[in-house]
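Student: I've got a model open on my screen and I'd like to talk it through. Can you take my questions one at a time?

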Amino acid sequence: MEQVNLKTEKIEEILDVLEKKLPKREFNLYIPSSDFNPKDIISIQKEANKMMKHIGLDGYIATITYEKTKDGTAGYINLNYDKEVWITVDKGSNHLKWKVLAIMAHEICHKYLYINGVHFPKPFDNLLEWYTDLATIYVGFAILTLNGCKIQSESRYHERIIAITHLTGYLEKSNFEYAYLRLMTSQKKSVIRYNRYLSDKIG
């Protein structure tokens, strides 16, 4: 999937809509559990429910399953107003901790936007995905998204080492970085303080 590089004006426009539409909450970055294990289904459920509580979805229960998804889709969610939240993650990602966390952040934000009235008719599916991507930064899942949106790994094929780039999300990493710095600055949060949680330092 080819990622999109939005203009700064569009990112600002989306962040402004999220600020107007979503409940007012203190901006706090979510720190994932140090013992999170993407191959342990109990660990995954526990983390997802912890993430939902972080954004105020108390009483909602997440069930995460791994399946082989179609067309390279990283994950998907059944969107409705039920408090049972069913999320599917591509099983080919279960060896990549940060990718799984980024996928869960994206899908949980789909739910958060939906129940708060931020959704668009079918012809605007891509626009909704941009909103959802940036919502992960807005609600405090920035560490998950920034670490999981672009991951480099290596694979051995016969005698050769092949470099692999794993992309997650619909926007380029620079868009996430811009939104992150914008929100951290406006909320008077220390970027340097949280750099220790990021694979690539920012600021």
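**Helix packing and salt bridges**

Tutor: Sure. Keep in mind that this is a predicted model. Let's start with Asp133, which is found in helix H4, residues 125-138.

Student: Which side chain of opposite charge is nearest to Asp133, and how far away is it?

Tutor: Asp133 is buried, yet it has no salt bridge. A salt bridge would need a Lys or Arg side-chain nitrogen within 4 Å of a carboxyl oxygen. The nearest candidate of opposite charge sits well outside that cut-off: it is Lys99, 13 Å away.

Student: So what does Asp133 touch, leaving out residues up to four places away in sequence?

Tutor: Asp133 takes part in the contact between H4 and H3, where His106 is among the H3 residues. On the H6 side, Phe176 is one of the residues in the contact that Asp133 helps make. The full set for Asp133 is His106, Gly169, Tyr170, Leu171 and Phe176.

Student: Are H4 and H6 parallel, antiparallel, perpendicular or oblique to each other?

Tutor: The axes of H4 and helix H6 (residues 173-186) come within 9 Å and cross at roughly 40 degrees. Roughly parallel needs an angle under 35 degrees, and roughly perpendicular starts at 65. H4 and H6 are therefore oblique.

Student: Which residues make that contact?

Tutor: H4 passes H6 in a right-handed crossing. From H4 you get Asp133, Leu134, Ile137 and Tyr138, and from H6 the partners are Asn175, Phe176, Ala179, Tyr180 and Leu183.

Student: And how is H3 oriented relative to H4?

Tutor: Helix H3 covers residues 97-115, and its axis comes within 8 Å of the H4 axis, crossing at roughly 110 degrees. The range from 65 to 115 degrees counts as roughly perpendicular. That makes H3, relative to H4, roughly perpendicular.

Student: His110 is in H3. Is His110 buried or exposed, and at what relative accessible area?

Tutor: Leaving aside neighbours within four places in sequence, His110 is in contact with Ile77, Leu79, Leu128, Glu129 and Thr132. The cut-off for buried is under 20% relative accessible area. His110 falls below it, so the residue is buried, at 8%.

Student: What about Tyr138: how far is it from Cys109 in space?

Tutor: Tyr138 is in helix H4, and it is buried, with a relative accessible area of 17%. Its contacts beyond four places in sequence are Leu15, Leu18, Glu19, Leu22, Phe27 and Leu183. Cys109 is 29 residues away in sequence, and C-alpha to C-alpha the spacing is 9.8 Å.

Student: Now the salt bridges. How many are there?

Tutor: One joins Glu13 and Lys10 at 3.1 Å, N to O, with both residues in helix H1 (residues 8-21), three residues apart. Another joins Arg182 and Glu12 at 2.9 Å. That pair links distant parts of the chain, with Arg182 in H6 and Glu12 in H1, 170 residues apart. The count comes to four.

Student: Which residues does the salt-bridge network link?

Tutor: Arg182 and Glu12 meet in a salt bridge. Asp16 belongs to the network too, so its members are Glu12, Asp16 and Arg182.

Student: And in the pair Asp200 and Lys173, which residue is buried?

Tutor: Their side chains meet in a salt bridge at 2.6 Å, N to O. Asp200 lies in the segment after helix H7 and Lys173 in H6, so the pair ties together parts that are 27 residues apart in sequence. At 41% relative accessibility, Asp200 counts as partly exposed. At 15%, the buried one is Lys173.

Note on methods: Residues are numbered from 1 along each chain as its sequence is written. This is a predicted model: local features need pLDDT of at least 70, side-chain atom pairs count only at pLDDT 80 or more; totals for chains, interfaces and linings use all residues. Side-chain values use heavy atoms; hydrogens and water are left out. Helices (H or I, at least four residues) and strands (E, at least two) are DSSP runs, numbered from the N terminus. Buried means under 20% relative accessible area, exposed over 50%, partly exposed in between (1.4 Å probe, protein chains only). Lys and Arg count as positive and Asp and Glu as negative; His and the chain ends are not counted. Contact means heavy atoms within 4.5 Å. Axes are lines fitted to C-alpha atoms, for helices over the stretch in contact, and angles run from 0 to 180 degrees between N-to-C directions. Angles under 35 degrees count as roughly parallel, over 145 as roughly antiparallel, 65 to 115 as roughly perpendicular and the rest as oblique. A crossing is left-handed if the near helix is turned anticlockwise from the far one by less than a right angle, and right-handed if clockwise.
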